[in-house]
Amino acid sequence: MTETTHMQTPPPGDGAKPRSPEYRLAANALRGLRQDLFHDAFAYRPLPRMRVDGPLTRRLPGRLREYVVWTPHAVIATSAVITLLMATVDTGDAVLLLGPLAVLPILLSMLRPVGAFWLSMAATPVSQFFGNTYDGYPWLPASFACHLTVLTVVAIRTRPRTAAYLWAVTAAYGFVADVAFGPGFYYGDDTAPMLVFSALVLLVVAVWHTRREARQEVTAQQTVTAQERSKRTLLEERTTIARELHDVVAHHMSVVAIQAEAAPYRVENPPPELERAFATIRENAVAALTELRRVLGVVRAEDYEAPDAPQPTLADLDVLLANVRDTGLSVEKTVTGAVRELPPGVELSAYRIVQEALSNTLRHAPGASARVEIGYVLGGLGLRIVNDPPPARALLKPSPGAGHGITGMRERVSMLNGEMTAVPTDDGGYEVTVFLPVALASEGEA
């Protein structure tokens with residue numbers, strides 16, 4: 001009998017030691033170096049035009065703004081011209097070569113920024129070879145200005161990490177040039193000035209990048225916060241309206257169900273058809289009430305309790321005006337048309353609109369007087385609440401609210417398919433005009 005033993009070989013990589021955080025950090029840095037300096041070195045990235053929505057540029061005339069957008073291109077082109085003039089000083093016959101070598105990298109930075117850096121690095125030793133070594137080493141004055149300009153443009157147009165890589169390459173080139181050729185051709189080394197000036201420029205650009213990103217994040221956060229606040233306000237107002245609508249409709253549906261149940265007992269020996277009709281009415285009322293509570297119950301808070309008192313109507317408006325007058329607001333009420341009973345939803349919405357409009361007057365125009373005009377017309381109900389300007393605006397300190405009042409009024413009017421306007425008056429006051437349509441009795445029966 002032969003026994004065979006199978007040895008299982010662990011898969012490759014299972015026994016490998018986990019990488020240290022330092023190793024991963026170095027690997028990520030090298031990967032970013034290859035990506036920024038080599039893979040995307042000559043990617044086509046044209047310089048965008050300047051935005052004209054700043055605090056100063058937005059005030060310029062329209063014709064002038066068309067030219068202001070090219071300011072970055074004009075600044076880079078001006079730097080190229082200055083560098084060209086520097087390259088033509090004491091260069092003799094070599095100006096035909098040194099001029100383009102000093103200008104082309106700067107102009108290329110508007111299209112391919114990282115590629116412009118490599119062109120500037122390649123042009124530096126060529127310019128040194130054909131130029132006058134006494135002017136500077138390892139950068140001639142024109143090469144110095146060209147390389148510093150390119151570094152600045154690249155730092156502005158790329159990430160701070162890429163700018164740090166480019167500065168490190170520049171430092172490495174200066175160190176190699178000093179060690180390899182410095183002892184024999186040392187006529188004023190400018191590696192240290194290049195590194196110091198470029199480091200200061202990159203530091204300023206990095207701070208500018210950080211501030212711009214922080215400002216963008218703050219602006220974006222403020223926009224999101226304002227949108228969320230608006231949505232929350234809208235939902236709160238809709239929730240309040242839904243609660244009040246639920247209370248009004250549920251009350252009347254309960255009355256219908258109770259009356260339908262008690263009606264057969266009010267008639268002696270009612271026919272079976274009448275009993276079935278009232279039973280059907282009661283069943284439909286109970287079913288509608290159950291469905292209403294199921295649908296609108298989702299908007300109720302867990303700690304919400306239905307009010308014990310009935311919801312206010314226009315008949316309670318005098319009590320509201322009396323309370324407002326006690327706070328010091330002078331308010332008058334005018335009623336036109338034939339006063340009649342309106343649907344509960346219209347009565348409640350009209351009352352809440354008047355209440356909110358007067359509250360806004362107390363907050364935003366303390367000391368002013370107000371007028372409430374109610375018009376019963378054939379097709380509905382008209383409301384007009386207008387307040388005068390405060391008597392001494394400079395001496396009074398109004399108490400502004402959260403801005404929910406107008407939103408709530410518009411939601412109530414929209415729910416009833418009405419119309420509303422809320423605008424300042426010519427004399428400095430404020431006017432709210434509302435029309436709530438009410439179907440005629442004949443139309444409702446039809």
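These are my notes on one sheet and the helices that pack on it, taken from a predicted model.

**Sheet layout.** I started with the strand order. I get an open sheet of 5 strands, ordered S1-S2-S3-S5-S4, and the pairing is mixed. Strand S1 (330–336) and strand S4 (419–424) are the edge strands; each has a single partner strand, so one side of each has no neighbour in the sheet. I also looked up the twist: neighbouring strands are turned by 10 degrees against each other on average, direction ignored.

**Pairings, going along the sheet.** S1 and S2 run parallel, with 7 bridges between them. For a handle on the register there, I noted Val331 opposite Ala370 in S2.

Next I checked S2 against S3: this pair is antiparallel and has 8 bridges. The two strands make a hairpin, with 2 residues between them. Here I found Gly375 facing Gly382 in S3.

Then I moved on to S3 (residues 380–387) and S5 (residues 430–437), which pair in the antiparallel sense over 8 bridges. Leu381 has Leu436 as its bridge partner in S5.

**Helices on the sheet.** Which strands does helix H10 touch? H10 (residues 317–326) packs against S1 and strand S2 (369–377), and its direction makes about 160 degrees with that of S1.

Helix H11 (residues 344–364) lies across S1, S2, S3 and S5, and I have it running at about 5 degrees to S3.

**Handedness.** Last lookup: is the β-α-β unit of S1, H11 and S2 left-handed or right-handed? I get left-handed for this unit.

Definitions and conventions: Residues are numbered from 1 along each chain as its sequence is written. This is a predicted model: local features need pLDDT of at least 70, side-chain atom pairs count only at pLDDT 80 or more; totals for chains, interfaces and linings use all residues. Side-chain values use heavy atoms; hydrogens and water are left out. Two strands pair if DSSP finds at least two bridges between them. Helices (H or I, at least four residues) and strands (E, at least two) are DSSP runs, numbered from the N terminus. Axes are lines fitted to C-alpha atoms, for helices over the stretch in contact, and angles run from 0 to 180 degrees between N-to-C directions. Contact means heavy atoms within 4.5 Å. A crossover is right-handed if, with the strands pointing away from the viewer, the path from the first strand over the helix to the second runs clockwise.
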